[in-house]
Amino acid sequence: MSATTSPTPALPRWDMTPIYSSLDSPAFTQAFAQITSDLDDLTALFGELHIERHEPVPADAEGDAVIIQTAERAIERMNAVFAHYRTVSAYISSFVATNSRDTVALARQSELQRQGVRLGQLRTRFTAWVGSLGGATLDQVIEQSTVARDHAFMLREAQTLAAHQMSPAEEALAAELAVSGGSAWGKLHSMLTSQLSLDVTLDGKPQELTMSMARNLAYDTDRERRRAGYEAELACWERNALPIAAALNGVKGQVGTLTQRRNWQTPLDAALFDARIDRETLDAMMTAAHESFPDFRRYLRAKARALGLPALAWYDIFAPVGGSGHAWAYADGAQFIVARFGDYSQKLGDFAARAFRERWIDAEPRPGKADGAFCMPVRADESRVLANFKPSFGGVSTLAHELGHAYHNLCIAGRTMLQRETPMTLAETASIFCETIVRNAALRDLAPDDSAARLEILEAALQDACQVVVDITSRFLFEQGVFERRAQRELSIDEFNSLMLEAQRATYGDGLDQQQSHPYMWAVKSHYYSVGRSFYNFPYMFGLLFGLGLYAQYQQNPDAFRANYDDLLASTGEADAATLAARFGFDIRTPNFWRSSLDIVRADIAHFEELVG
């Protein structure tokens, strides 16, 4: 479980050659050109079938047959086009995410983005057509068509969404302008932040580091190195804040305008629809979260005691605590994940072994590579995982989390593309579950008297939970404040900073030294700069607490849980969150469910305090 003391081997890079051999290979060139051809054919089909907004017409038996045939042909063709587009897009993204200076990949991504606009416009046309059918007609179509019945949730959701569409001409124009509007602002943020470098003096020696390398110093055992990274990071954000603030104003301005034109009351209402939860569910979860803040502050104060500090500064949040003095090597972590996943089920263990064996993971931090970690589906049941691996239990936990996403992709692979559209609230279900499997197994494997290693693992779990409950809430409050003010005018850098600090005070409270916070977290988090992902934050909290609730049920009845779990993952694109939760007896519209999940975290906090004491 602990790493060796031998020289650290090179961390792996993912292998994309099973998809295409290179960006200039004949196979990729043909696949890329096929997208244009596919979209030409789909456009022609929509014209032939008159798929567009129209006045509702009472349907007779003959009319019903025409509508059914139209729905079936459109759905089947869209599924095929979406699948091919996803693979090509993921392949190009694999180069951009690992090297933001790859001009060939960037050019291909820009070309593909234009085709993505066409694809989005066609999907909008289909949504408008479904909205024109009327509820009674759509019910008849679903009843009489197997294809429509298999996509019933998507079709009924489209009827609701159609009521929030602008005119066809306005929707088409909005999609075209997005390339040079919100999407361009998001690209600016991504390109700029991935290429930032800063000067840091470490151990008396000046060094030039990338932003991701400097932020990784937050995990260093030496407080002076953590402080040096933090101060250099803040200075770098301050130097580059002007274009980043312009990008955030641009993105939020566009979202606010489109929200209003599409007759959503607020951007949050649109985000809740996308997340497939209602305001009652969000309020119940947030109520439980706010109730837990005093507990998380106890954890932060206990961590300060463990580090011998009067209070944690921002740069101490990720400081390591406990441990045996040995790092977790990547190979050790991979072996541990495969074994522990296998303890849950052979299917999950075999899947993890395949991911490592087939080199699905890019684990090496390097200049130009995107910070953080993510998992993306590529084709069929294949995924790729990006990580910036740190030799700690936290690094292993992140791998388990992202492989959980990949397992979710495996379970849902038998569904069509339109059935696979999973909201962010449910997209975290498998990742949290797999992360919890690894964490609890690591704790079980420890010797009873190995309190230092136990403290390290508990700390990694609590650190993540604090980020997902406390820090996520601060980001949610910040985004609410930005939207409210942006509706009147653009915000200045100082205003963004003030809103962020205010949100951090409201959530972290006396758990942190408020004189050493992070006013530029709005510049750090890329999710703020996506037009299509406003209020990205609360779904992560939903995912953590929902995943913990599932794990608690697994512990109560493992065999019954296994019999239903994979089917739940396969169905996350075919029902709203409350309906899927009810399968396991959860009522997510009441605070009690969320409190019960947070009780698991509270128990860990009490254990952590005991070990520190």
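This dialogue goes through confidence, one strand, one helix residue and the salt bridges of a predicted model.

User: What is the mean pLDDT of the protein, and where does pLDDT stay under 50?

Analyst: The model is predicted, and pLDDT is the predictor's confidence in each residue. Here the mean is 93, and 97% of the residues reach 70 or more. Over residues 1-6 pLDDT stays under 50. For that stretch the model has 15 contacts beyond four places in sequence.

User: How should I read the side chains of a strand, and which way do those of E5 point?

Analyst: In a regular strand, side chains alternate between the two faces of the sheet. In strand E5 (residues 382-386), Glu382, Arg384 and Leu386 point one way, while Ser383 and Val385 point the other way.

User: Are the residues of E5 buried or exposed?

Analyst: Five of the five residues of E5 are buried, and the strand is mostly covered. Both sets of side chains, those pointing one way and those pointing the other, belong to buried residues.

User: Which strands pair with E5, and in what sense?

Analyst: Strand pairing is read from the bridges between two strands. Strand E3 (residues 361-362) pairs with E5 in the parallel sense, over two bridges. Asp362 has Leu386 as its bridge partner in E5. Strand E4 (residues 374-379) pairs with E5 in the antiparallel sense, over five bridges. There Arg379 stands opposite Glu382.

User: How many residues lie between E4 and E5 in the hairpin?

Analyst: Two residues lie between E4 and E5. One point to check in the turn is Ala380, which has a positive phi of about 45 degrees.

User: Is Asn409 buried or exposed, and what is it in contact with?

Analyst: Burial is judged by relative accessible area, and buried means under 20%. Asn409 counts as buried because its relative accessibility is 13%. This residue is found in helix H16 (residues 393-411). Leaving aside neighbours within four places in sequence, Asn409 is in contact with Cys375, Met376, Pro377, Ser383 and Arg420. Of these contacts, Ser383 is also one of the buried residues of E5.

User: How many salt bridges are there, and what is the general idea?

Analyst: Side chains of opposite charge can pair when their charged atoms come close. The count in this model comes to 44 salt bridges. One of them joins Arg261 and Glu170, with the closest N and O atoms 2.4 Å apart. Arg261 lies in helix H11 (residues 241-261) and Glu170 in helix H7 (residues 168-180), so the pair ties together parts that are 91 residues apart in sequence. Arg261 is partly exposed at 46%, and Glu170 is partly exposed at 31%.

User: Where do Arg589 and Asp278 lie?

Analyst: Arg589 forms a salt bridge with Asp278, the closest N and O atoms being 2.6 Å apart. Arg589 lies in the loop between helix H24 (577-582) and helix H25 (591-612), and Asp278 in the loop between helix H12 (267-275) and helix H13 (279-306), so the pair ties together parts that are 311 residues apart in sequence. Relative accessibility is 34% for Arg589 and 26% for Asp278, and each counts as partly exposed.

User: What links Arg583 and Asp567, and which residues do shared partners join into a network?

Analyst: The side chains of Arg583 and Asp567 meet in a salt bridge at 3.2 Å, N to O. Arg583 is in the loop between H24 and H25, and Asp567 is in helix H23 (residues 558-570), 16 residues apart. Elsewhere, salt bridges that share partners join Arg13, Asp362, Glu364, Arg366 and Lys369 into one network. Asp362 is also the bridge partner of Leu386 in E5.

Methods. Residues numbered from 1 in each chain as written. Predicted model: local features only at pLDDT ≥ 70, side-chain atom pairs only at ≥ 80, totals over all residues. Heavy atoms only, no water. Helix = DSSP H or I, 4+ residues; strand = E, 2+ residues; numbered from the N terminus. Buried < 20%, exposed > 50% of the residue type's maximum accessible area, 1.4 Å probe, protein only. Contact = heavy atoms within 4.5 Å. pLDDT = per-residue confidence, 0-100. Salt bridge = Lys/Arg side-chain N within 4 Å of Asp/Glu carboxyl O.
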